[in-house]
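User: I have a structure open and want to go through it with you. Can we start with the overall picture and then get to the side chains?

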Amino acid sequence: KVVRLNVSGAFHSPLMRPAQEGLHAALTAAVFQGSAFPVVSNVTAEPVSDPEVARTRLVEQLTAPVRWSSSVVRMADLGATEFIELGPGSVLAGLNRRIVKDLPTTSLGTAEAVEGFLQNAGAGSG
């Protein structure tokens, strides 16, 4: 069975290989620092903290399949208690509900939603 997907690009597939060189050059010019917390790569579903490994994984993600289910499970294993989806839509929130049923995902689709979330989070921490 073939299903035509309505997508804006061939992201995370070998068809993106021509873009890797440009992304690699841009990321090489960028300053990377080690992260204060583990960031799970969607290429390997493993945490990355080393700046050079992060740079490599970002280039690889252009052509590698997304390991979203494995990544979400790994984040839960590492102690995540909540997920926040940034950007329009709520596709990831829907996926997360099926992957880790007991952990909430909040979708924030606009800058105003992010600001409101941060204000509410700050009000609860004082």
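Analyst: We can take the fold, then the charges and salt bridges, then the backbone. Keep in mind that this is a predicted model.

User: Fine. How many helices and strands does the protein have?
Analyst: The protein has 5 helices and 4 strands. Along the sequence they come in the pattern α-β-β-α-α-β-α-β-α.

User: And what does the C-alpha trace span?
Analyst: About 50 × 45 × 30 Å along the principal axes of the protein.

User: What share of the residues is buried?
Analyst: Of the 126 residues, 21% count as buried. The accessible surface of the protein is about 8800 Å², and carbon and sulfur atoms account for 58% of that surface.

User: What about contacts between residues far along the chain, at least 24 apart?
Analyst: If you take the contacts between residues at least 6 apart in sequence, 49% of them join residues at least 24 apart.

User: Switching to charges. How many positive and negative ones are there, and how far apart are their mean positions?
Analyst: There are 10 positive and 11 negative charges, and their mean positions are 12 Å apart.

User: How many salt bridges?
Analyst: The count is 3. In general, side chains of opposite charge can pair when their charged atoms come close.

User: Start with Arg74. What does its side chain meet?
Analyst: Arg74 forms a salt bridge with Glu46, at 3.2 Å from N to O. Arg74 is in helix H3 (residues 68–77) and Glu46 is in the loop between E1 and E2, so the bridge ties together parts 28 residues apart in sequence.

User: Are those two buried or exposed?
Analyst: Arg74 is partly exposed, at a relative accessible area of 25%. Glu46 also counts as partly exposed, at 38% relative accessibility.

User: Next one. Which residue pairs with Arg55?
Analyst: Glu52, with 3.1 Å from N to O in the salt bridge. The two residues are 3 apart in helix H2 (residues 51–60), which is about one helical turn.

User: Is Arg55 buried or exposed?
Analyst: Arg55 counts as buried, with 11% relative accessibility. The cut-off for buried is under 20%. Its partner Glu52 is partly exposed, at 46%.

User: And where does the pair Arg57 and Glu60 lie?
Analyst: Both are in helix H2, 3 residues apart, or about one turn of the helix. Their side chains meet in a salt bridge at 3.0 Å, N to O. Arg57 is partly exposed, at 23% relative accessible area, and Glu60 is partly exposed too, at 28%.

User: Now the backbone. What is phi of Ala45?
Analyst: Ala45 has a positive phi of about 60 degrees, although Ala45 is not a glycine. Most residues other than glycine have a negative phi.

User: Where is Ala45 found?
Analyst: In the loop between strand E1 (39–40) and strand E2 (47–48). Ala45 counts as buried, at 5% relative accessibility. The same loop was mentioned earlier for Glu46, the partner of Arg74.

User: What about His12, what is its phi?
Analyst: Phi of His12 is near 60 degrees, again a positive value in a residue other than glycine. His12 lies in the segment before helix H1 (17–29).

User: Is His12 buried or exposed?
Analyst: In between: His12 is partly exposed, with a relative accessible area of 31%.

Technical notes. Residues numbered from 1 in each chain as written. Predicted model: local features only at pLDDT ≥ 70, side-chain atom pairs only at ≥ 80, totals over all residues. Heavy atoms only, no water. Buried < 20%, exposed > 50% of the residue type's maximum accessible area, 1.4 Å probe, protein only. Contact = heavy atoms within 4.5 Å. Areas by Shrake-Rupley, 256 points an atom, 1.4 Å probe, with all protein chains shown as cover. Lys, Arg positive; Asp, Glu negative; His and termini not counted. Charge placed at Lys NZ, Arg CZ, Asp CG, Glu CD. Salt bridge = Lys/Arg side-chain N within 4 Å of Asp/Glu carboxyl O.
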